[in-house]
Amino acid sequence: MSRRPVKTRQRGRRWVTSPGTLGSVPPKLPQAFTLRSRITGLVRELGKFGIVGGIAFTVDFVLFNVLLWAGLEPLIAKAASTVVATTIAFFGNRFWTWRDSEHTSMARQYTTFFVLNLIGLGIALACLAISHYGLGQIWPQLQSPLADNIAGVGVGTVLGTMFRFWSYRRFVFRVTAAPASVSQ
């Protein structure tokens, strides 16, 4: 290891190692990785996800109720409305929310998206089944369309949405860098 003297103003001479002996120093982090810009980007991402989810939620809600009033069994109505809403959500998230993220083949992404959405559907169906079939045996009021909406669409959607945001971001639309805080 070669050493050479370096003159500094405060301490006079001190010994330093030659370049490269300690390994490379990481470059200064770009502005995109500051905490404030990461939070701003995440809030923007959550906003876009929320708008797409709101549209999908509306489709799910309306279609679920139309199918309920048409006489379909509640679990089948919920499953059908969720499949339609999932397709709408996929295209909205892929082409708007996470348009700058890593994209693989659309078939692979949609399949992964759909499988993760099935888990989200399972969460909503579990809430609906517990309310309608489990607690509904004790309290018959929980077998009404209003109670089905509160359990399946309300509680089930909230829990399913938390799972969906995490899983879509992690497995479907992989975020390789901090979310862009400037692009819209």
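**Note on the predicted model: four helices, two cores**

1. Overall make-up. The protein has 4 helices and 2 strands. This is a predicted model. Read from the N terminus, the order of elements is β-β-α-α-α-α. Both strands therefore precede the helices in that order, counting helices and strands as DSSP runs numbered from the N terminus.

2. Burial and surface. The chain has 184 residues, and 32% of them count as buried. The exposed area is about 11,500 Å². Carbon and sulfur atoms supply 68% of that area.

3. Contact range. Take the contacts between residues at least 6 apart in sequence. Of these, 66% join residues at least 24 apart.

4. Main core. The largest nonpolar core holds 14 residues. Which of them touch the most other members? They are Trp-98, Phe-113, Tyr-168, Val-172 and Phe-173. Four elements give two or more residues each: α1 (35-69), α2 (74-97), α3 and α4 (145-172). The top contributor is α4, with 4 residues.

5. Second core. Another core, of 5 residues, lies apart from the largest one. Its members include Phe-64, Leu-68, Ala-77 and Val-153.

6. Tyr-168. What does Tyr-168 touch, leaving out residues up to four places away in sequence? The list is Phe-49, Asn-93, Trp-98, Phe-113, Leu-116, Asn-117 and Phe-173. Among these, Trp-98, Phe-113 and Phe-173 are also named with Tyr-168 as the core members that touch the most others.

7. Gln-109. This residue sits in helix α3, which covers residues 106-134. Is Gln-109 buried or exposed? Its relative accessible area is 0%, so Gln-109 is buried, the cut-off being under 20%. Its side chain reaches the backbone oxygen of Val-172 at 3.2 Å. Val-172 is itself one of the core residues listed in point 4. Gln-109 and Tyr-168 are 59 residues apart in sequence, yet their C-alpha atoms are 9.7 Å apart in space.

8. Annotated spans. An unreviewed UniProt entry lists residues 46-69, 75-92, 113-134 and 146-166 under "transmembrane region". How do two of these spans look in the model? Residues 113-134 are 100% helix and 0% strand, with end C-alpha atoms 30 Å apart. Residues 146-166 are also 100% helix and 0% strand. Their end C-alpha atoms lie 29 Å apart.

Definitions and conventions:
Residues numbered from 1 in each chain as written. Predicted model: local features only at pLDDT ≥ 70, side-chain atom pairs only at ≥ 80, totals over all residues. Heavy atoms only, no water. Buried < 20%, exposed > 50% of the residue type's maximum accessible area, 1.4 Å probe, protein only. Contact = heavy atoms within 4.5 Å. Areas by Shrake-Rupley, 256 points an atom, 1.4 Å probe, with all protein chains shown as cover. Polar contact = N/O pair within 3.5 Å; in protein donor to acceptor, adjacent residues only side chain to side chain. Core = buried A, V, L, I, M, F, W, Y, C linked by side-chain atoms within 4.5 Å. UniProt positions renumbered as here; feature names shortened; annotations may be inferred.
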